[in-house]
Amino acid sequence: MLKVLVVDDHSDIRRLLTVTLGSEFNVLEAEDGEIALKVINKESPDVVLLDIMMPGKFDGLQVLDQIRSFPETAKTKVAMLTARGQAYDVEEGKSRGADAYFIKPFSPLQVINWVRSQQR
Amino acid sequence: MNSSDSLNKGWAAQDYRLPGVDQLAWTQLQLYRYAEDIKELAHSHAELQAKLERMTEDYEKASRSKGLLENLLMSISEFNLITDNRGNILEVSSKCSALFGIDGESKRHIALLFEPADRVKLVKLFSEACQGWNCITARRLDLVIRAQGSAVRSFYLVPWVMSVPHEGHTRFFWSLRDPECI
């Protein structure tokens with residue numbers, strides 16, 4: 001079963017995503033970038049759904065940089081999940097190695113379909 | 001870290017947020033998005049349901065037609081028989097049964113009804129019918145039929161072979177017609 005890490009400081013969004021994906025995937029949660037990196041190192045999730053705007057030591061883009069910088073985690077599939085929907089933001093996410101970009105409020109169907117597509 | 005740094009960091013984090021939009025509002029917006037997707041799913045579900053009902057109806061019609069066709073083929077007074085996709089006889093019409101002295105229970109291969117010299121032609125015809133899924137294949141072949149009681153009667157027959165999917169398998173309907181009588 002695919003292991004999916006949901007990283008968002010907003011507990012309701014984490015909960016919604018866990019409920020949305022939980023019946024098909026093994027869902028882990030992290031409430032900020034620092035915790036996310038610890039979970040990634042420990043659990044090696046296949047997919048990370050990563051909020052950009054998070055308080056704390058690392059925002060989502062910095063977490064993405066960390067994921068891409070280590071060979072063990074570099075190939076992890078990462079989707080950015082954020083309210084920053086400007087073309088510049090999308091480009092920024094892509095250029096830093098994001099595999100997908102979902103703008104909040106996101107379509108749960110699109111998210112679940114994308115996660116499903118990572119299984120193949 | 002002094003209070004100014006803390007404030008700046010706080011501002012930096014807050015800078016990403018849309019002004020005036022708190023977590024509750026985001027939850028509300030996100031729930032609206034879920035509602036839209038659920039509505040879309042419900043619509044797709046209704047469409048799929050309708051499609052499934054239509055397909056079930058069509059399948060039932062097709063099954064009824066298939067039954068009718070089978071009954072028709074077997075009830076008419078002709079040399080009709082049904083084989084499986086290996087050529088084993090499953091059912092025979094009464095006229096066929098009288099000619100060959102067999103019934104559907106005998107499980108004989110259709111080729112065994114004919115003289116060895118003609119079996120190759122028959123197997124070729126059957127092979128062509130197998131390739132033409134659900135198509136009607138007709139070929140005039142001069143076959144010598146081994147009749148009941150080991151007596152050999154020469155017939156000039158046109159075998160028509162029709163393949164029909166039946167409960168996941170293919171059945172072949174054979175109709176042997178004497179061109180002299182057509």
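Which residues does A:V48 touch, not counting residues up to four places away in sequence? In this predicted model, A:V48 touches A:L5, A:V7, A:I40, A:I67, A:T76 and A:V78. A:V48 also belongs to the largest nonpolar core, where it is among the residues with the most contacts inside that core.

**The two chains**

The table sets out the make-up of each chain.

| Chain | Helices and strands | Order from the N terminus | Buried residues |
|---|---|---|---|
| Chain A | five helices and five strands | β-α-β-α-β-α-β-α-β-α | 39% of 120 residues |
| Chain B | four helices and seven strands | α-α-β-β-α-α-β-β-β-β-β | 14% of 182 residues |

Contacts between residues at least 6 apart in sequence can be described by how far along the chain they reach. In chain A, 54% of such contacts join residues at least 24 apart. In chain B, 41% of such contacts join residues at least 24 apart.

**The start of chain A**

Strand 1 of chain A covers residues 3–7, and strand 2 of chain A covers residues 26–30. These two strands pair in the parallel sense, over five bridges. Within this pairing, A:V6 stands opposite A:E29 of strand 2. Helix 1 of chain A, residues 11–22, joins with strand 1 and strand 2 of chain A in a right-handed β-α-β unit.

**The nonpolar cores**

The largest nonpolar core has 34 residues. Those with the most contacts inside this core are A:V4, A:L5, A:V7, A:V48, A:L49, A:L50 and A:A79. Several elements of chain A each supply at least two residues of this core: strand 1, helix 1, strand 2, helix 2 (33–43), strand 3 (47–51), helix 3 (60–69), strand 4 (77–82) and helix 5 (108–117). Another core lies apart from this one and has 17 residues, including B:L81, B:V92, B:F126 and B:F172. In soluble globular proteins, nonpolar side chains tend to be buried together.

**Where the chains meet**

Contact between the chains involves 15 residues of chain A and 13 residues of chain B. On the side of chain A that touches chain B, helix 1 and helix 5 of chain A are the elements that give two or more residues. The largest share of that side, three residues, comes from helix 1 of chain A. By residue type, the side of chain A that touches chain B divides into ten nonpolar, two polar and three charged residues. Helix 1 of chain A thus appears in three settings: the right-handed β-α-β unit, the largest nonpolar core and the side that touches chain B.

Definitions and conventions: Residues numbered from 1 in each chain as written. Chains lettered and ligands numbered in written order. Predicted model: local features only at pLDDT ≥ 70, side-chain atom pairs only at ≥ 80, totals over all residues. Pairing = 2+ DSSP bridges. Right-handed = clockwise from strand over helix to strand, strands pointing away. Core = buried A, V, L, I, M, F, W, Y, C linked by C-beta atoms within 7 Å. Buried ≥ 20, exposed ≤ 12 C-beta atoms within 10 Å, placed from the backbone. Contact = placed C-beta atoms within 7 Å. Nonpolar A, V, L, I, M, F, W, Y, C, P; charged D, E, K, R; others polar.
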